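Work through the exercises below with the sequence and the structure at hand. Each task is followed by a solution in steps.

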Amino acid sequence: MSLTIYGQQLTSRLLIGSALYPSPQVMKQAILASGSQVVTLSLKRQNPTEQSGQQIWQYLQEIVSQNNGHLLPNTAGCKTAKEAVTLAKMSREIFQTDWLKLEVIGDDYNLQPDPIELLSATEQLLNDGFKVLPYCTDDLVLCQRLYDLGCEVIMPWASPIGTGKGLMNPYNLETIRLRLPQATLIVDAGIGKPSDACLAMEMGYDGVLLNSAVALADNPVLMAKAFAQALQAGEQGYVAGVMQQRQTAHPSTPTLDTPFWHQN
């Protein structure tokens, strides 16, 4: 089944980052191996006004074009709504896209988003025509507020960025899925291994965005393939319907040649 982001249908449910790879060549191979059609890139790490990152941006555009994909600029490193909005407008001019992964960080220790600044930036950008994909914590009320503002896609974290701790609060993520059935939900940040991504998809999430788990693997290309397969397995498990857990054991094979009154 396809993933829909603001009306755009994608064949892959995996979104992938472009940072931390050992080389541009490995990055390209890993992105292509993942099958991802959405590649994120950070503007804050470059200087858009001087276009100092133009070479790597063009390189990424060539990669995504091979998968009929999309670049997803992000505002990583921004700490205020004003800063994020300014950077977003620069990105739209440079990349000619209204898609934006919105990050407004409130704490340098765990890179936790600032909910107040995030809501402010989201409202301003939506009013300016951006298609905002906000990165947020697994806070139900915050996700509801973002959805009410008009975000069709919401991206709660699994755990803090780059930690690889996986799904630290499954209950929170399950509740967000339950309470926002119409929203496109993508788990973003903290994924460490393919089984983490599979669990998110089994919960009914629509996709997973990750970077470090692939880029910092011993073999990024092989890990990218593993994540692609994990997402497919998780999605199929969710669609198939997972059996209900039981408190007591039940035999998986029938009892034969035993009187029916002994078969309880």
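**Exercise 1.** Is Gly-190 buried or exposed? Place the residue in its loop and list its contacts.

*Solution.* The model is a predicted one.
Step 1: the relative accessibility of Gly-190 is 5%. The cut-off for buried is under 20%, so Gly-190 counts as buried.
Step 2: Gly-190 sits in the loop that joins S9 and H7.
Step 3: leaving out residues up to four places away in sequence, Gly-190 touches Ser-159, Pro-160, Ile-161, Gly-162, Thr-163, Gly-164, Lys-165 and Gly-166.
Step 4: one of these partners, Gly-162, belongs to the loop between strand S8 (153-156) and helix H6 (170-179). With the same exclusion by sequence, Gly-162 touches Gly-190 and Ser-212.

**Exercise 2.** Which residues does UniProt list for "binding site", and what is the largest C-alpha distance among them?

*Solution.* Step 1: the UniProt record, an unreviewed entry, gives Gly-162, Ala-189, Gly-190, Asn-211 and Ser-212.
Step 2: these residues are spread over 51 residues of sequence, yet they cluster in space, with a largest C-alpha distance of 9.2 Å.
Step 3: the lining of the largest pocket includes Gly-162, Ala-189, Gly-190, Asn-211 and Ser-212.

**Exercise 3.** What is the sign of phi at Tyr-6 and at Ala-189? State where each residue lies and how accessible it is.

*Solution.* Step 1: most residues other than glycine have a negative phi.
Step 2: Tyr-6 is not a glycine, but its phi is positive, about 50°. Tyr-6 lies in the loop between strand S1 (3-5) and strand S2 (8-10), and its relative accessibility of 14% makes it buried.
Step 3: Ala-189 also has a positive phi, near 90°. Ala-189 is in the loop between strand S9 (184-188) and helix H7 (194-202) and is buried at 11% relative accessibility.

**Exercise 4.** How many residues does the largest nonpolar core have, and which have the most contacts inside it?

*Solution.* Step 1: the largest nonpolar core has 72 residues. Those with the most contacts inside it are Ile-5, Tyr-6, Leu-102 and Val-208.
Step 2: helix H3 (residues 81-95) gives the most to this core, namely six residues.
Step 3: take Val-208 as an example. Beyond four places in sequence, its contacts include Arg-13, Leu-14 and Leu-15, as well as Ile-186, Val-187, Ala-197 and Leu-231.

**Exercise 5.** Where does UniProt place the feature "active site", and what surrounds that residue?

*Solution.* Step 1: the UniProt record, again an unreviewed entry, places the feature at Lys-101.
Step 2: Lys-101 is part of strand S6 (residues 99-102) and counts as buried, with 7% relative accessibility.
Step 3: apart from residues up to four places away in sequence, Lys-101 touches Thr-40, Leu-72, Pro-73, Asn-74, Thr-75, Leu-133, Tyr-135, Met-155, Asp-188 and Leu-209.

**Exercise 6.** Which residues of H5 are buried, and what covers them? Examine both ends of the helix.

*Solution.* Step 1: helix H5 (residues 140-149) has Leu-142, Cys-143, Gln-144 and Leu-146 buried.
Step 2: their cover includes helix H4 (115-127), strand S7 (131-136), S8 and H6.
Step 3: the N-terminal end of H5 is capped by Asp-139, which has a side-chain oxygen 3.0 Å from the backbone nitrogen of Val-141.
Step 4: after H5 comes Gly-150, with a positive phi near 125°.

**Exercise 7.** Which residues of H7 are buried, and against which elements do they pack?

*Solution.* Step 1: the buried residues of H7 are Pro-194, Asp-196, Ala-197, Cys-198, Ala-200 and Met-201. Among them, Cys-198 has a relative accessible area of 15%.
Step 2: they pack against S9, strand S10 (207-210) and helix H9 (220-240).
Step 3: H7 is followed by Gly-204, where phi is positive and near 100°.

**Exercise 8.** How many disulfides does the structure hold?

*Solution.* Step 1: the count is zero.
Step 2: for Cys-151, the nearest cysteine sulfur is that of Cys-136, 8.9 Å away. A disulfide requires the sulfur atoms to be within 2.5 Å, so Cys-151 is in no disulfide.
Step 3: Cys-151 is buried, with a relative accessible area of 1%.

Notes. Residues are numbered from 1 along each chain as its sequence is written. This is a predicted model: local features need pLDDT of at least 70, side-chain atom pairs count only at pLDDT 80 or more; totals for chains, interfaces and linings use all residues. Side-chain values use heavy atoms; hydrogens and water are left out. Helices (H or I, at least four residues) and strands (E, at least two) are DSSP runs, numbered from the N terminus. Buried means under 20% relative accessible area, exposed over 50%, partly exposed in between (1.4 Å probe, protein chains only). UniProt positions are given in the numbering used here, feature names are shortened, and annotations may be inferred rather than shown by experiment. On a 1 Å grid over the protein atoms alone, a cavity is a set of points where a 1.4 Å probe fits but cannot get out, and a pocket is an open set with protein on both sides within 12 Å along at least five of seven lines; lining residues have an atom within 4 Å of a point. Contact means heavy atoms within 4.5 Å. A nonpolar core is a set of buried Ala, Val, Leu, Ile, Met, Phe, Trp, Tyr and Cys residues joined through side-chain atoms within 4.5 Å. A polar contact is a pair of N or O atoms within 3.5 Å; within protein, one must be able to donate a hydrogen and the other to accept it, and residues adjacent in sequence count only if both atoms are side-chain atoms.
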